[in-house]
Amino acid sequence: RFVLHKVVKEEASYKLCRVKKIHRGPKGIPYAITHDGRTLRYPDPDVKVNDTVRVDIATGKMLDYVKFEAGNSVMISSGNN
């Protein structure tokens, strides 16, 4: 059912994370909390809840994001459909 495949170094350097919450901290500093508990300070103002962000593992900084909107392709790994 599952097949192992090699991950190239470029793909191993980042992680995709779903944004769960966006808040403002002390002194109005914006931050986003991801599904795995990471806190990203100063996210892009266009990033909203349920968007997916690409996080660099080494630095913990946000590299890119994908909006959660109709028409995007997804992969469902589990759940009741």
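Is Arg38 buried, partly exposed or exposed? Select Arg38 and show the surface: this residue is partly exposed, with a relative accessible area of 27%. Before you go on, bear in mind that you are looking at a predicted model.

**Stop 1: around Asp36**

Keep Arg38 on screen and add Asp36. The two form a salt bridge, and their closest N and O atoms are 2.9 Å apart. Side chains of opposite charge can pair when their charged atoms come close.

Now add Lys15, whose side chain also meets Asp36 in a salt bridge, this time at 2.8 Å from N to O. Colour the strands and you'll see that this pair links distant parts of the chain. Lys15 belongs to strand S1 (residues 14–24), while Asp36 is in the loop between strand S2 (30–34) and strand S3 (39–41), 21 residues apart.

How open are these two to the outside? Asp36 has 31% relative accessibility, so it counts as partly exposed. Lys15, at 30%, counts as partly exposed too.

**Stop 2: Asp51 and Lys67**

Next, select Asp51 and Lys67. Here the side chains meet in another salt bridge, 3.0 Å from N to O. This pair also links distant parts of the chain, 16 residues apart: look for Asp51 in the loop between S3 and strand S4 (52–56), and for Lys67 in the segment after strand S5 (62–66).

Buried or exposed: which word fits Asp51? With a relative accessible area of 2%, Asp51 is buried. Its partner Lys67 is partly exposed, at 28%.

Zoom out for a moment. Shared partners join the salt bridges of Lys15, Asp36 and Arg38 into one network. In total, the structure holds three salt bridges.

**Stop 3: the largest pocket**

Stay with Asp51 and Lys67, because both are in the lining of the largest pocket. To see the rest of that lining, add Arg18, Asn50, Thr52, Val66, Phe68, Glu69, Asn72, Ser73 and Val74. About 210 Å³ of space lies in this pocket.

What kinds of residue make up the lining? Try colouring by type: three are nonpolar, four are polar and four are charged.

**Stop 4: a charge over a ring**

Finally, select Tyr14 and Arg54. The charged end of Arg54 sits over the ring of Tyr14, 4.8 Å from the ring's centre.

How many aromatic pairs are there to visit? With ring centres required to lie within 6.5 Å, the count comes to zero.

How values were computed
Residues numbered from 1 in each chain as written. Predicted model: local features only at pLDDT ≥ 70, side-chain atom pairs only at ≥ 80, totals over all residues. Heavy atoms only, no water. 1 Å grid on protein atoms, 1.4 Å probe; cavity = no way out; pocket = protein on both sides within 12 Å on 5 of 7 lines; lining within 4 Å. Points joined across faces, edges and corners; volume = space filled by probe spheres on them. Nonpolar A, V, L, I, M, F, W, Y, C, P; charged D, E, K, R; others polar. Phe/Tyr/Trp six-rings, centres within 6.5 Å; stacked < 30°, edge-to-face > 60°. Lys NZ or Arg CZ within 6 Å of the ring centre and 35° of its normal. Salt bridge = Lys/Arg side-chain N within 4 Å of Asp/Glu carboxyl O. Helix = DSSP H or I, 4+ residues; strand = E, 2+ residues; numbered from the N terminus. Buried < 20%, exposed > 50% of the residue type's maximum accessible area, 1.4 Å probe, protein only.
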